[in-house]
Amino acid sequence: MVMASSVKIVLGSIAFAVFWVLAVFPAVPVLPIGRTAGSLLGAMLMVIFRVITPDEAYAAIDLPILGLLFGTMVVSVYLEKADMFKYLGKLLSWKSRGARDLLCRVCIISAISSALFTNDTSCVVLTEFVLKIARQHNLPPHPFLLALASSANIGSSATPIGNPQNLVIAVQSKISFGSFLFGLLPAMLVGVVVNALILLCMYWSLLSVQKDEEDATTEVVAEQDVNSHRFSPATMSHLSSLNSQEWNSRLESMNMQGSPIVNVHTPGQIETLRSRLAPNESEIQRALSSTLDSGRNSNASKEATADSSSQKRNEHASSERVLSMDRLSDVLSMKYSQGKETLATRWKRMLWKSCVYLITVGMLAALLIGLNMSWTAITAALALVVLDFRDARPCLEKVSYSLLIFFCGMFITVDGFNKTGIPSSLWDLMEPYSKIDRASGTAVLAAVILVLSNLASNVPTVLLLGGQVAASAAAISAAEEKKSWLILAWVSTVAGNLSLLGSAANLIVCEQAHRSPHLGYTLSFWSHLKFGIPSTVVVTAIGLILIR
């Protein structure tokens, strides 16, 4: 590309520098507006400085990537709602042998899921889960977030559907899925292992923190309590105890009704009744001593009256018992029907979760057979919305729209910087030394791709250099042309591990970790760079040796 005018080069560089500073230091004291607003500011400056026109700015926004990112975020929301994270936690924590073993598991699962499910999707789905696992084991989340992002980038390099730049390469080079996979799979597998070893070496002492056994026991008990409360359909033992208590109280009440002192409950009441009964007894004795015959008649009359009242009380108590049994039967019937409804709700939820997993697997299958990535993700997201059969606003509110806006501004800013001609001029300068038929040329080519991928992002780098690199290699042989495409895919993807802004996966992990409620963690640019430089250099070099 021909260099732009000096004014456009200067103004475009200023706009790109503003974007870069605010993206790297979102809370810079001079202008603490954050990454999202910083990307929009950089894009606006590109248009105001007339580095690009408004139409070119709109055209620079990569809608397929935004659609893929939006769709995968919606899918991840419904997967979380379907308890996928709990099952992943059981998988990672099953017979775990400590923090180092957990770190290796994160690397493996992240790499495999990224190769089959795209690195952006894996990072969206697994970030909050990794934070939960780290907190559960009282471990620092920093190495696990690095393991997630870096392994996702490395794993995504193995397939054409692993990331957007690989999709571009697969379309432009017309390399089949199988050839792409087998050409990069050895480099990916070894790269994941080496990356995990680097993480273990750098954070060996930090990963030696042991979890407190008492806290672990408490968390397990709490989790069991939550699960039992959540999934118990009727809690019949609890209902039985309540019913038995109600039954005993009713029997006690009926016995008290059959007693002549049914309202006697306190000592004061007992003494009052005794005082009232005393004069009545003396009067009866005086009546008996005065007239024996009248006393006998009176006693006979009292016995007849007592028998009659006792019979009435027994009949009344019997009717009360029958009424109580009827009421108790009604209560048990109502509780049983509620238990059946709860059990039915549980089966409905299990069926819904199975459908969510089937839709997700269907989306993965569609991606594997090469259908459009963004529309496949959006279709799966809408299918889950319809399947849920309720207002989707609560789920859609969990989507990180600020991240989508950040990508829009980044696309415009990077496109404006590319139009200054600086990246293409760098390639024209290095092309004579970047012939891949010799080791030094391959190293130079890898260095150029690595630098441009971090300055202009990997997708624009692939779009800018892909045709030129392939044309240069095709002049040597057809095999070298294929190898050049694979090298471009490998280096541009692994280059994302160099800095926090190197790939979308890094930004997703950073933003998701920062936004996570109660688990928020900020992954700084410098802490990522300290790990990113050695990991990127070593893994890239090993991959270049293994690519065929």
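**Group meeting: a helical chain, its core and selected residues**

Good morning. Buried residues account for 44% of the 548 residues in the protein chain. Please keep in mind throughout that this is a predicted model. The chain contains 23 helices and zero strands. As for how the chain is connected in space, if we take contacts between residues at least 6 apart in sequence, 78% of them join residues at least 24 apart.

Let me begin with the interior. The largest nonpolar core comprises 127 residues, and Phe144 and Trp490 have the most contacts inside it. What does Trp490 touch, once residues up to four places away in sequence are not counted? On one side of the sequence, its partners include Ile154, Ser157, Leu184, Ala187 and Met188. Further along the chain, Trp490 also touches Val539, Thr540, Gly543, Leu544 and Ile547.

Two of those partners, Ile154 and Val539, return in the helix pair I turn to now, since they are among the residues through which α8 and α23 meet. Two packed helices are described by the angle between their axes and the distance between the axes. For helix α8, residues 142-156, and helix α23, residues 525-546, the angle is about 35 degrees and the axes are 11 Å apart. The crossing of α8 past α23 is right-handed. From α8, the residues involved are His142, Leu146, Ser150 and Ile154. They meet Ser527, His528, Phe531 and Val539 of α23. By character, the residues of this contact comprise four nonpolar, four polar and no charged.

My next subject is a polar residue, Ser453, located in helix α19, which spans residues 439-456. Is Ser453 buried or exposed? Its relative accessibility is 0%, and Ser453 therefore counts as buried. The side chain of Ser453 reaches the backbone oxygen of Ile449 at 2.7 Å. Beyond its neighbours within four places in sequence, Ser453 is in contact with Asn458, Thr461, Ser492, Ala495 and Gly502.

I come now to helix α15, residues 373-388, and to two alanines in it. The first I shall discuss is Ala377, which is found in α15. Ala377 counts as buried because its relative accessibility is 2%. With neighbours within four places in sequence left aside, Ala377 is in contact with Leu68, Gly71, Thr72, Val75 and Met363. Ala377 and Thr121 are 256 residues apart in sequence, yet their C-alpha atoms are 9.7 Å apart in space. The other alanine, Ala383, also belongs to α15. Ala383 has a relative accessible area of 31%, so it is partly exposed. From Ala383 to Thr360, the separation is 23 residues in sequence and 9.8 Å in space, C-alpha to C-alpha.

Finally, the backbone. Which values of phi do Arg50 and Asn138 adopt? Arg50 has phi near 60 degrees, a positive value in a residue other than glycine. Arg50 sits in the loop between α2 (34-48) and α3 (54-60). With a relative accessibility of 67%, Arg50 counts as exposed. Asn138, likewise a residue other than glycine, has a positive phi near 55 degrees. Its place is in the loop between α7 (119-136) and α8, the helix that packs with α23. Asn138 is partly exposed, because its relative accessible area is 34%.

That concludes my presentation. Thank you for your attention.

Technical notes. Residues numbered from 1 in each chain as written. Predicted model: local features only at pLDDT ≥ 70, side-chain atom pairs only at ≥ 80, totals over all residues. Heavy atoms only, no water. Core = buried A, V, L, I, M, F, W, Y, C linked by side-chain atoms within 4.5 Å. Buried < 20%, exposed > 50% of the residue type's maximum accessible area, 1.4 Å probe, protein only. Contact = heavy atoms within 4.5 Å. Helix = DSSP H or I, 4+ residues; strand = E, 2+ residues; numbered from the N terminus. Polar contact = N/O pair within 3.5 Å; in protein donor to acceptor, adjacent residues only side chain to side chain. Axes fitted to C-alpha atoms, helices over the stretch in contact; angles between N-to-C directions. Left-handed = near helix turned anticlockwise from the far one by under 90°. Nonpolar A, V, L, I, M, F, W, Y, C, P; charged D, E, K, R; others polar.
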